[in-house]
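Colleague: I am new to this structure and would be glad of a guided close look at a single part. Could you pick one spot, tell me where it sits, and then lead me outwards from there?

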Amino acid sequence: MVFNFSETVRPLSTLRPGERGRIAPGAALTGRLADLGFVPGTDVTVLRRAPFGDPIEVELRGYRICLRESQLRALSVTLHGAMALATVRGVARVADGAEASPRATPSGEGHVPAKRRA
Amino acid sequence: MSAVPAMPAVRVAEGPVRIALVGSPNSGKTTLFNALTGSSARVGNYAGVTVERREGVLTGSHGGVRILDLPGTYALDGETPDEHVVHEVLHGAVPGEPIPDALLVVADATTLRRSLALVHEALALGRPALVVLTMIDEVKARHGRLDPLALSRHLGVQVVGVVGHRGVGLDVLRGFLDDARNWRVARVPTGIADAGARFAWVDRVVHEIGADVLAADTRSDKIDRLLLHPVAGVVVFAAVMVLLFQSIFAWAVPAMDAIDTLFALAADGVRATLPESWLVGLLADGVIAGVGSVVIFLPQILILFTFLHLLQDVGYMARAAFVVDRVMGRVGLQGRSFVPLLSCFACAVPGIMATRTIASPRERLATILVAPFMTCSARLPVYTLLIAAFVPATSVGPVGLQGLVMLGLYVLGATVALTAAKILNSTLLRGRVSVFYMELPPYRWPTMRMLVRQVGQSARAFLRRAGTIILAASVVLWVLLHVPQAAPIAGATPAETARANLEASVAGRLGHAIEPVIAPLGFDWKVGVGLVASLAAREVIVSTLAQIYAVSEGESFRGVLEAIQADIDPRTGRPVFTLPVALALMVFFVFALQCTSTIAVMARETGGWRWPAFAFTSMLLLAWLGSFITYRLARFLA
């Protein structure tokens with residue numbers, strides 16, 4: 001039996017500010033959260049909680065939106081192993097490289113050059 | 001076959017082009033609409049629903065291009081009334097609302113990876129369309145890259161970039177709008193079944209035009225670190241709200257006094273120039289005084305709306321709602337309910353108008369229904385009079401008792417409002433659609449032009465109401481208070497004649513008629529007349545009592561104060577007004593919905609008379625109950 005230590009699945013509401021997860025397969029493809037772009041495979045970063053703890057501001061698809069904790073509880077995200085461990089140990093976050101956060105990019109230099117289809 | 005009268009296409013081409021604006025909330029759609037239509041916008045409601053309908057004519061098009069600003073929506077199949085209207089209009093399913101000839105699809109250029117989803121949904125309808133990218137200046141400021149031409153090649157329709165509030169790109173857009181009938185129909189994939197597939201398409205398009213990376217808005221981030229800080233954020237929030245509260249009271253007073261004087265002068269002028277008759281009375285005391293009693297709130301409303309629009313334009317309004325949402329959520333409201341309710345301390349009319357910023361239908365209705373409980377400034381004259389007359393000017397520790405009672409009335413009103421919201425949410429409003437989402441827009445400098453226009457619109461809406469409904473109510477009330485007249489008494493002073501006339505009038509008889517109902521509260525027929533009169537507007541009770549006690553004009557406040565203190569019931573030989581009676585009367589005013597303007601604005605904002613009728617009745621019952629308990633309790637304790 002093989003345990004997969006590299007990924008943990010958690011409700012999005014449990015992420016702390018600064019943590020990022022990827023929406024797990026199985027999230028609804030219709031409804032308001034889906035319309036807002038919360039579809040499987042989307043990276044979501046928790047930015048901050050309101051002073052009294054709720055709502056929560058998150059960033060996804062290069063934009064930000066505030067939702068209540070109760071809404072984010074319904075969304076499962078996978079934390080990438082390296083990130084999750086780094087957070088636990090308190091060491092610097094290891095960039096997973098798959099999709100750089102827009103916030104982490106200091107200028108427009110990091111973007112992928114446009115490709116034209118024939 | 002030649003009997004067919006006209007080809008549909010020919011018939012359509014004769015009228016004005018009708019363009020619908022489609023876009024998500026905060027996409028800059030309304031700013032764009034205002035910039036394109038100038039002052040021609042007409043605001044109304046869709047029949048039978050509370051959704052605002054805004055239509056205007058493209059300035060310079062001489063009526064040739066009509067623009068319909070549809071409510072903001074994240075998708076075209078949503079569940080709220082707003083979203084439902086968008087869907088129905090786009091499918092030509094609203095009676096009397098022709099299907100738009102073309103769609104102007106608005107998308108925020110800084111949130112392309114989300115907003116293109118709605119663009120796709122709109123374009124897939126297969127109608128002639130044009131896409132407007134707003135806030136393109138922010139893309140540049142955040143080191144992003146966006147080529148409208150590249151996007152245009154992907155979508156198959158024209159794409160125009162604008163900065164709505166600065167007017168950048170609007171000339172180009174106007175050129176296209178004149179030619180809307182010749183817009184292309186988009187070439188976008190149809191048959192996309194769900195949001196997953198749609199966002200996959202969006203990601204591909206954004207990636208291919210190279211627009212997918214945008215640096216963070218560092219300026220807004222820095223400000224937010226302070227304004228949304230767990231401690232500093234709350235302090236700033238409290239400070240802004242105190243300032244708002246302070247401004248509508250302290251700063252408005254000189255202007256309100258001036259308006260008061262102006263209307264009194266006008267009434268005197270009418271009395272002095274015209275020969276004495278009932279018409280003069282109607283004009284001076286009915287029409288002029290009635291309208292004046294509403295217009296007096298104009299300074300508060302101007303200051304309030306300037307403040308609210310300023311907070312909105314710089315981007316703080318959403319932050320305030322974000323900070324306070326947890327607290328409001330406890331009673332089933334939303335952060336967006338806070339500022340409208342706070343505005344009700346000035347007047348419930350602008351407060352209820354301000355609930356339009358609440359996107360969720362259930363929370364909006366709850367906020368409207370509890371708004372009249374907040375202590376509005378029309379209650380102040382009543383409280384001031386009764387407190388000055390009956391609450392001893394002693395101190396409880398370092399605090400004056402009179403001030404304490406006043407504070408208690410404010411706290412009581414707010415507590416009742418929040419409790420009522422909680423109860424309504426778990427009973428009557430249970431099961432209504434409730435949505436929650438909130439965006440914190442980037443901080444921006446406000447533009448004076450926009451501010452002036454928005455405040456002007458709000459003030460006009462308020463004055464229009466004063467000019468129609470309030471005017472009608474004032475006239476009706478004046479007639480009730482003056483018809484029929486009593487038989488002339490020989491040797492009576494004018495004040496005594498006025499009193500006799502009042503007692504003989506319909507309102508006077510009503511006061512007597514309701515005496516059995518209000519007797520358990522400690523009120524006699526004179527208070528009854530005051531209550532009947534105050535149904536039009538609360539503060540009217542003061543001037544009505546002045547008439548009942550035959551107080552000569554010009555000294556109504558002090559005169560009434562002394563008269564009610566000295567009034568002895570001939571049957572019992574005891575004072576009519578005592579501290580328990582005064583407290584009961586004040587509690588009555590905390591609960592009762594005695595305000596025709598509030599009822600009228602409620603009807604407008606909830607799309608019918610059902611909810612105002614419910615609010616009026618239930619609040620009247622509560623008022624009776626509250627007064628009864630207060631009266632009995634106070635007598636028991638005294």
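Modeller: Happy to! Let us begin at B:Ser40, which sits in the loop between helix 2 (29-37) and strand 2 of chain B. Please keep in mind throughout that this is a predicted model. With a relative accessibility of 28%, B:Ser40 counts as partly exposed, because that class lies between buried, under 20%, and exposed, over 50%. Leaving aside residues up to four places away in sequence, B:Ser40 touches B:Glu55, B:Gly56 and B:Val57. For a sense of distance, take B:Val331, 291 residues away along the chain: its C-alpha atom and that of B:Ser40 are 40 Å apart.

The loop of B:Ser40 leads to strand 2, and that brings us to the sheet. In chain B, seven strands make an open sheet with mixed pairing, in the order 2-3-4-1-5-6-7. Strand 2 (42-45) and strand 7 (159-161) of chain B are at the edges with a single partner strand each, so one side of each has no neighbour in the sheet. From one strand to the next, the twist averages 25°.

Further into the order, strand 1 (residues 17-23) and strand 5 (residues 102-108) of chain B run parallel and are joined by five bridges. B:Gly23, for instance, has B:Val106 in strand 5 of chain B as its bridge partner. Helix 4 (residues 112-123) of chain B packs on the sheet, where it touches strand 1, strand 5 and strand 6 (129-134) of chain B. The direction of helix 4 makes about 170° with that of strand 5 of chain B.

Another helix to look at is helix 3 (residues 81-90) of chain B, in which B:Glu83, B:Val85, B:Val86, B:Val89 and B:Leu90 are buried. Viewed down the axis of helix 3 of chain B, these buried residues fall within an arc of 155°, so they line one face of the helix. They pack against strand 1, strand 4 (65-69) and strand 5 of chain B, and also against helix 1 (32-35) of chain A. After helix 3 of chain B comes B:Gly92, with a positive phi near 65°.

Back among the loops, B:His62 lies between strand 3 (52-57) and strand 4 of chain B. Its phi is near 55°, a positive value in a residue other than glycine. B:His62 is exposed, with a relative accessible area of 79%. B:His143, in the loop between helix 5 (136-141) and helix 6 (148-155) of chain B, also is not a glycine and has a positive phi of about 55°. B:His143 is partly exposed, at a relative accessible area of 47%.

Helix 3 already pointed us to the other chain, so here is that contact. It takes 39 residues from chain A and 50 residues from chain B. About 4,000 Å² is buried between the two chains, and carbon and sulfur atoms give 55% of that area. On the chain A side, A:Arg32, A:Phe52 and A:Arg61 lose the most area to chain B, together 19% of what that side buries.

A last word on confidence: chain B averages a pLDDT of 86, and 96% of its residues score at least 70. Over residues 1-12 of chain B, though, pLDDT stays under 50, and the model has two contacts for them beyond four places in sequence.

Definitions and conventions
Residues are numbered from 1 along each chain as its sequence is written. Chains are lettered from A and ligands numbered from 1 in the order in which they are written. This is a predicted model: local features need pLDDT of at least 70, side-chain atom pairs count only at pLDDT 80 or more; totals for chains, interfaces and linings use all residues. Side-chain values use heavy atoms; hydrogens and water are left out. Two strands pair if DSSP finds at least two bridges between them. Helices (H or I, at least four residues) and strands (E, at least two) are DSSP runs, numbered from the N terminus. Axes are lines fitted to C-alpha atoms, for helices over the stretch in contact, and angles run from 0 to 180 degrees between N-to-C directions. Contact means heavy atoms within 4.5 Å. pLDDT is the predictor's confidence in each residue, from 0 to 100. Buried means under 20% relative accessible area, exposed over 50%, partly exposed in between (1.4 Å probe, protein chains only). The arc is that of the directions from the helix axis to the C-beta atoms. Buried area is the accessible area (1.4 Å probe) that two parts lose on being put together, summed over both.
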